[in-house]
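I opened a new notebook page for this structure. My plan is to look up a few places and write down what I find.

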Amino acid sequence: MNASGLSLRDLEYVVALAEEGHFGRAAERCAVSQPTLSVQVRKLEEALGLVLFERSNRRVLLTPSGQAVVRQARAVLAEAKTLLMLAREGAGQGLRGRLVLAAIQTLGPYLFPQVLRGLRQAFPDLALALSEGRTAEILDALREGRADAALISLPIPDSGLTVAPLFDEPFLLACPAEHAFAGGEAPRPGDLAGPDLLLLDEGNCLRDQAVAACGAGPATGRHATSLETLRSMVAAGAGYTLLPALAAPPGPDPAGLTICRRFGPDGPRRTIALAWRASDPRTEGLAELAGFFRAHAPHATLPLGQPAEAGTGRDTGTIPV
């Protein structure tokens, strides 16, 4: 006998008979006639070459072999039910089950705390697993199936992904409180190219965007491994940098060492998008997830293409870090 000869229905008969200890009650539980259940149990015993039950006029008892078979049959039936549940979830509306959501490391730590509560309420059947990394690492994870969706900064290479733009995130200038850029009119991005411009390490998309925004050369400035290190370097008076708006602290620097300044309405920004494999059958649900992020974009961000000064609380000026 091979696996193709096994019937889940026959396993249900065996489990029911083991638990009921009576052919009549087992048949009633399985919604079949008693002769049908009896014949099928006998056929399974013959196929397995085992006697599963001791039969008498008074009762039905499991044999030692029957105990082992019934134990395994329960496990098989449980796995079959799990398979059916997954199929129903996959065919249903909305996202369900485990979803690995990655984010670029200059976004995830600042965005996730602001949206997770609403996300869990909007998708109660979704089990999120969060991760972060650099853009190239995240795109590889998407292609290889190690991530299901990713929050990234555009543009990205055309790589068989569905990309849904969500919102724009302005860049702010973070500089020492005593720096020339700390007062007067809002600086222009082109004024920032110079040896005091602090950047992230090579391979980070935010570094490339800062270089492009300022018109700086690729070798300009000193480097850091994270946004938090960049902020510390600014506080130490080492120079100035561009910070994504979500990474800028909401209140003043208690030590008074640094400030953050907005640029004008056409100041530099980056577009954040949700990306997933175009072949993923959950595209409808993932599009709903993108809609959630778009509708619940944090206050510091902007609707796609909207001038910075048009949003509430997004006027130009000097803001303490």
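**Entry 1: a helix and its cover.** I am working with a predicted model. I began with H7 and listed its buried residues: Cys-205, Leu-206, Arg-207, Gln-209, Ala-210, Val-211 and Cys-214. The helix spans residues 205-214, and seven of its 10 residues are buried, so I noted H7 as mostly covered because buried means under 20% relative accessible area. Next I checked what follows the helix. Gly-215 comes just after H7 and has a positive phi of about 65°.

**Entry 2: the residue before the helix.** Which residue caps the N-terminal end of H7? I found Asn-204 there, with a side-chain oxygen 3.0 Å from the backbone nitrogen of Leu-206. Asn-204 sits in the loop between strand E7 (198-200) and H7. Is Asn-204 buried or exposed? Its relative accessibility is 5%, so I count Asn-204 as buried. I then looked up its contacts, leaving out residues up to four places away in sequence. Asn-204 touches Gln-105, Thr-106 and Arg-134.

**Entry 3: two strands and a helix.** I moved on to strand E3 (residues 97-104) and strand E4 (residues 126-133). How many bridges join them? I found eight, and the two strands run parallel. For one position across the pair, I noted Ala-103 opposite Glu-132 in E4. Helix H5 (residues 108-122) belongs with these strands: E3, H5 and E4 make a β-α-β unit, and I recorded its hand as right-handed.

**Entry 4: aromatic rings.** I counted three aromatic pairs. One of them is Phe-181 with Tyr-240, edge-to-face, at 5.1 Å centre to centre and 75° between the planes. Where do these two residues lie? Phe-181 is in the loop between strand E6 (161-176) and E7. Tyr-240 is in the loop between helix H8 (227-235) and strand E9 (241-244). They are 59 residues apart, and the pair links distant parts of the chain. I checked their cover too. Phe-181 has a relative accessible area of 18%, so I put it down as buried. Tyr-240 is at 4%, so it also counts as buried.

Then I looked at Phe-292 and Phe-293. They form an edge-to-face pair, 5.8 Å centre to centre, with 75° between the planes. Both are buried. My last note is on a cluster: ring pairs link Phe-123, Phe-292 and Phe-293.

Conventions. Residues numbered from 1 in each chain as written. Predicted model: local features only at pLDDT ≥ 70, side-chain atom pairs only at ≥ 80, totals over all residues. Heavy atoms only, no water. Buried < 20%, exposed > 50% of the residue type's maximum accessible area, 1.4 Å probe, protein only. Helix = DSSP H or I, 4+ residues; strand = E, 2+ residues; numbered from the N terminus. Polar contact = N/O pair within 3.5 Å; in protein donor to acceptor, adjacent residues only side chain to side chain. Pairing = 2+ DSSP bridges. Right-handed = clockwise from strand over helix to strand, strands pointing away. Contact = heavy atoms within 4.5 Å. Phe/Tyr/Trp six-rings, centres within 6.5 Å; stacked < 30°, edge-to-face > 60°.
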